[in-house]
Amino acid sequence: MNNAASQNPEMGNRLFRQLRYASTCLPSYFLQRLTRRAPNGKVHLIIALADHFEPSSMPGEGTGYAPREVQQERLDTWCEEYPRNFDHFRDHEGRAFTHTYFYPAEQYDRELVEQLAGLCRAGWGEMEIHLHHGLNEPAIAEMTRQQLISFRDALARQHGCLSYQDGSNAPRYAFVNGNFALANCAHGYACGVDSEMQILADTGCYVDMTYPTAAFHPAQIAKLNSLYECALPLDHAAPQRYGRDLQAGRPITVFPFIVQGPWMLDFDRNSRSGFGRLDNGALTGRNAPSLRRLALWKKAAIDVAGRPDWLFIKLHTHGMDPVDNENVLRAPMQQFLAALIDGAADRKEILHFVSAREMANILLAACDGREGNPGDYRDYRYKLARNANPNPATGTPSLAVRG
């Protein structure tokens with residue numbers, strides 16, 4: 001039994017994990033299917049891809065990190081190919097399809113991060129914070145806080161990444177928990193920090209995009225297909241288990257708020273099982289994007305209450321994983337985007353390709369009662385700073401929003 005399984009016996013018993021996962025998710029899922037309907041008529045599809053971007057990825061669990069030269073080669077290939085492969089796939093506003101690169105804090109490599117930051121500065125994505133901790137032994141709250149602050153400040157001050165609010169020089173960020181066990185929601189496995197959500201709030205995190213988890217992961221919660229504020233105190237374990245759904249005209253007051261991706265059952269007889277499969281919005285080597293999947297993501301109807309024509313589709317991938325890389329960097333993703341764009345008018349869709357930051361800004365605008373074109377609110381509150389050094393006269397960053 002590996003270290004993860006020995007730390008949490010549930011990880012070592014596949015049947016038990018599957019039964020627990022099903023009992024967690026299926027009641028709320030079927031209730032949603034009875035009560036939730038995708039909107040009729042024209043809809044705005046606001047699509048973000050949260051990339052758990054780890055140049056060190058090695059296939060298999062517990063296989064360690066790829067050698068430094070392999071990481072460099074992978075990143076070189078990505079930075080060379082991505083602009084060429086995706087330049088001509090544009091949304092309603094003429095924006096290219098890009099990734100939000102959630103880079104792992106515990107794997108910070110200044111040269112690699114600076115190379116990726118250069119790609120982002122050229123308009124090919126944005127960088128945010130990703131963290132794995134507590135896998136072999138429980139993490140410690142204060143160490144987690146310092147790890148987040150250190151990486152946050154490196155991204156902001158050394159690489160010109162992250163975002164700011166007007167009048168403030170405090171960097172703000174979006175987050176994903178690399179082990180999915182956000183705020184110790186997996187009963188001690190792969191985290192150990194009950195107060196993680198409060199630490200995120202204290203260190204400038206405004207949105208979490210961890211969910212849904214990998215299939216049959218013990219960190220999965222019952223709340224699905226939702227955009228919401230945590231309803232429990234942030235210093236408690238797993239305050240994201242319960243939440244108040246976002247609503248048009250009711251401003252968000254609890255940060256970080258939660259943006260979930262789709263969690264849908266696909267009863268496809270052509271699946272490997274012959275019965276169907278779970279679609280959790282992951283773009284993987286085995287499950288490339290497709291228009292069939294798009295229909296499921298739309299049916300999830302993830303929206304702000306009172307604004308059903310703005311659908312939020314947060315997908316996720318591991319772009320550097322050799323198993324998934326081909327599907328997200330080359331032909332499968334290109335073919336999907338071509339079909340997505342070419343057929344949008346017939347499907348009554350208006351497409352908006354956004355970063356995690358931009359999706360959060362659009363959500364904030366919706367909750368503040370803003371209307372019209374959601375693409376107008378990409379920089380509604382949190383703005384990128386090309387120069388992260390504070391202006392000597394004002395003490396605030398010099399802001400330069402990508403046009």
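Which residue just after helix 7 takes a positive phi? A301 does, with a phi of about 55°. Helix 7 itself spans residues 291–299, and R293, L294, L296, W297 and K298 are buried there; buried means under 20% relative accessible area, exposed over 50%, and partly exposed in between, with a 1.4 Å probe and protein chains only.

A word on the ground rules is useful here. The model is predicted, with local features needing pLDDT of at least 70 and side-chain atom pairs counting only at pLDDT 80 or more, while totals for chains, interfaces and linings use all residues. Residues are numbered from 1 along each chain as its sequence is written, and side-chain values use heavy atoms, leaving out hydrogens and water.

Turning to the whole chain, 10 helices and 17 strands are found; helices (H or I, at least four residues) and strands (E, at least two) are DSSP runs, numbered from the N terminus. The radius of gyration of the chain is 20 Å, close to the 22 Å that the globule rule gives for 403 residues, so the chain is as compact as a globular protein of that length. That radius is taken over C-alpha atoms, and the globule rule is 2.2 Å times the number of residues to the power 0.38. Along the principal axes, the C-alpha atoms fill a box of roughly 60 × 50 × 45 Å. Of the 403 residues, 56% count as buried. Among contacts (heavy atoms within 4.5 Å) with a separation of 6 or more, 71% come from residues 24 or more positions apart.

Individual residues show how such distant parts of the sequence meet. D91 sits in the loop between helix 3 (68–86) and strand 2 (99–104), and is buried, with a relative accessible area of 8%. Its C-alpha atom is separated by 9.4 Å from that of V354, although the two residues are 263 residues apart along the chain. Leaving aside neighbours within four places in sequence, D91 is in contact with L351, H352, F353 and R378, and the side chain of D91 reaches the backbone nitrogen of F353 at 2.8 Å.

M333, in helix 9 (residues 331–342), offers another example. M333 counts as buried at 1% relative accessibility, and lies 9.6 Å from N85, C-alpha to C-alpha, with their positions 248 residues apart in sequence. Beyond four places in sequence, the contacts of M333 include L49, F86, F97 and L283.

Two loop residues share a partner in L182. T210 is placed between strand 6 (205–208) and strand 7 (227–230), and counts as buried at 2% relative accessibility. The side chain of T210 makes a polar contact with the side chain of D208 (2.9 Å); a polar contact is a pair of N or O atoms within 3.5 Å, where, within protein, one must be able to donate a hydrogen and the other to accept it, and residues adjacent in sequence count only if both atoms are side-chain atoms. The T210 side chain also reaches the backbone nitrogen of N177 at 2.9 Å. Not counting residues up to four places away in sequence, T210 touches F175, V176, N177, F180, L182 and K314.

Q240 follows in the loop between strand 7 and strand 8 (243–245), and counts as buried at 0% relative accessibility. The side chain of Q240 reaches the backbone oxygen of L182 at 2.9 Å. Beyond four places in sequence, the contacts of Q240 also include A183, C185, Y211 and I258.
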